[in-house]
Amino acid sequence: MKAHQQTLGFLKTLSLHGVLQGLDEMINEAESRKVSYLTFLNDVLSAEIGFRIKRRVERNMAGAHFPVLKGLENFDFGRVKGIGKSEAVNLLDCRWIDAKENLLFFGPPGIGKTHLGIAFGRAAVEKGYKVCFERVTNLIKLLKTAEVQRTSEYRIRRIMKSDLVIIDEIGYTPIEKREANLFFNLISELYEKVPLVVTSNKSFESWAEMMGDAVMTTALLDRLLHHAKVFTLDGESYRIKKSRKED
Ligand code: ADP
Ligand code: MG
């Protein structure tokens with residue numbers, strides 16, 4: 001009994017919370033299966049490692065700031081042109097993240113761009129990658145306030161250290177020259193270091209108008225497109241279709 005109490009104390013001191021949780025069960029199991037000392041030690045360590053991985057994924061899922069959680073399992077590929085199911089499922093392996101490739105989704109509102117962005121981001125978090133999701137308007141707000149606001153500074157720092165950054169809704173609102181500059185600088189810093197998922201309802205041609213600077217827009221697109229898979233989606237808005245069904 002004393003050894004048991006002491007062991008619990010040691011586990012706490014060493015912050016081995018995964019072992020702490022399942023210690024009694026592991027001991028009972030080892031005794032009934034008569035496993036070797038080595039196997040027992042192995043089971044104990046793997047319980048701790050499994051626990052830590054799970055906790056890190058949970059932390060990263062919260063830290064990604066997904067607006068909602070979506071997956072490919074409830075994405076209807078029959079309704080949208082421009083991306084095939086097998087092509088999308090292949091992307092879940094996240095090899096494009098290791099290759100520092102960007103995914104760019106273009107198309108009209110309600111076509112599923114954000115849904116797909118979240119689905120790929122979520123798959124990445126589940127595989128152990130660190131991901132940040134931001135609407136471009138919020139991203140620009142963060143960039144503008146990073147020097148005076150701690151929370152913005154932390155977020156920008158997390159973005160810079162992520163394995164994947166998802167920038168949603170480029171083009172919905174025009175941005176000022178200074179904002180476009182800040183945005184361009186960020187993309188330049190992330191270029192070839194941190195892969196991006198970008199969604200936009202505006203075609204490339206309209207970006208210059210939105211950013212108010214043709215030269216900078218060309219330079220920006222150059223960086224985004226250098227290593228990228230581009231999906232131009234088309235079809236009927238899922239939002240409209242759904243509300244029609246609900247009528
Ligand atoms: P977008 O970002 O292109 O404007 P969203 O991804 O926000 O569109 O999609 C709008 C809503 O419709 C979301 O709730 C999304 O989950 C749903 N949706 C869009 N396309 C599909 C689809 N092909 N299958 C299932 N749900 C979809
Ligand atoms: Mg969207």
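## Exercises on helix packing, cavities and pockets

The largest cavity is lined by Lys100, Asn102, Ile187, Leu190, Tyr191, Glu192, Val194, Pro195, Leu196, Arg223, Leu224 and His227. The model is predicted, so local features need pLDDT of at least 70 and side-chain atom pairs count only at pLDDT 80 or more, while totals for chains, interfaces and linings use all residues. Residues are numbered from 1 along each chain as its sequence is written, chains are lettered from A and ligands numbered from 1 in the order in which they are written, and side-chain values use heavy atoms, with hydrogens and water left out.

**Exercise 1. Describe the cavities of the structure.**

Step 1. On a 1 Å grid over the protein atoms alone, a cavity is a set of points where a 1.4 Å probe fits but cannot get out; a pocket is an open set with protein on both sides within 12 Å along at least five of seven lines, and lining residues have an atom within 4 Å of a point. Grid points are joined across faces, edges and corners, and a volume is the space filled by probe spheres set on the points.

Step 2. There are 2 cavities of 30 Å³ or more in the structure. The largest cavity holds about 80 Å³ of space, and the second largest holds about 40 Å³.

Step 3. Helices and strands are DSSP runs numbered from the N terminus, with helices (H or I) of at least four residues and strands (E) of at least two. To the lining of the largest cavity, helix H9 (177–190) and helix H11 (214–226) each supply at least two residues.

Step 4. For the classes, Ala, Val, Leu, Ile, Met, Phe, Trp, Tyr, Cys and Pro count as nonpolar, Asp, Glu, Lys and Arg as charged, and the others, Gly among them, as polar. The lining of the largest cavity then has 7 nonpolar, 2 polar and 3 charged residues.

Step 5. The second largest cavity is lined by Val136, Ile170, Gly171, Thr173, Ile175, Phe183, Met210 and Met211. This lining comprises 6 nonpolar, 2 polar and no charged residues.

**Exercise 2. Determine how H2 packs against H3 and H1.**

Step 1. Two packed helices are described by the angle between their axes and the distance between the axes. Axes are lines fitted to C-alpha atoms, for helices over the stretch in contact, and angles run from 0 to 180 degrees between N-to-C directions.

Step 2. The axes of helix H2 (residues 17–33) and helix H3 (residues 37–63) lie 9 Å apart, at an angle of about 150°. H2 is therefore roughly antiparallel to H3. Angles under 35 degrees count as roughly parallel, over 145 as roughly antiparallel, 65 to 115 as roughly perpendicular and the rest as oblique.

Step 3. Contact means heavy atoms within 4.5 Å. Between H2 and H3, the contact involves residues including Met26, Ile27 and Ala30 of H2 and Val44, Ala47 and Phe51 of H3. It has 8 nonpolar, 3 polar and 4 charged residues.

Step 4. Helix H1 (residues 2–13) packs with H2 at an angle of about 155°, their axes 9 Å apart. H1 is therefore roughly antiparallel to H2. On the H1 side the contact residues are His4, Thr7, Leu8, Leu11 and Lys12, and on the H2 side Val19, Leu20, Leu23 and Asp24. The classes are 5 nonpolar, 2 polar and 2 charged.

**Exercise 3. Determine how H7 is oriented to H9.**

Step 1. The axes of helix H7 (residues 136–145) and H9 cross at roughly 90° and come within 10 Å. H7 and H9 are therefore roughly perpendicular to each other.

Step 2. The contact is formed by Val136, Leu139, Ile140, Leu143 and Lys144 of H7 with Arg178, Glu179, Leu182, Phe183 and Leu186 of H9. These residues divide into 7 nonpolar, no polar and 3 charged.

**Exercise 4. Characterise the two largest pockets.**

Step 1. The largest pocket contains about 570 Å³ of space. Its lining has 25 residues, with Lys70, Gly110, Gly112, His115 and Arg239 nearest its centre.

Step 2. H6 gives the most to this lining, with 4 residues. The classes in the lining of the largest pocket are 9 nonpolar, 6 polar and 10 charged.

Step 3. The volume of the second largest pocket is about 160 Å³. H1, H2 and H3 each supply at least two residues of its lining, and the largest share, 4 residues, comes from H3.

Step 4. The lining of the second largest pocket has 9 nonpolar, 1 polar and 1 charged residues.
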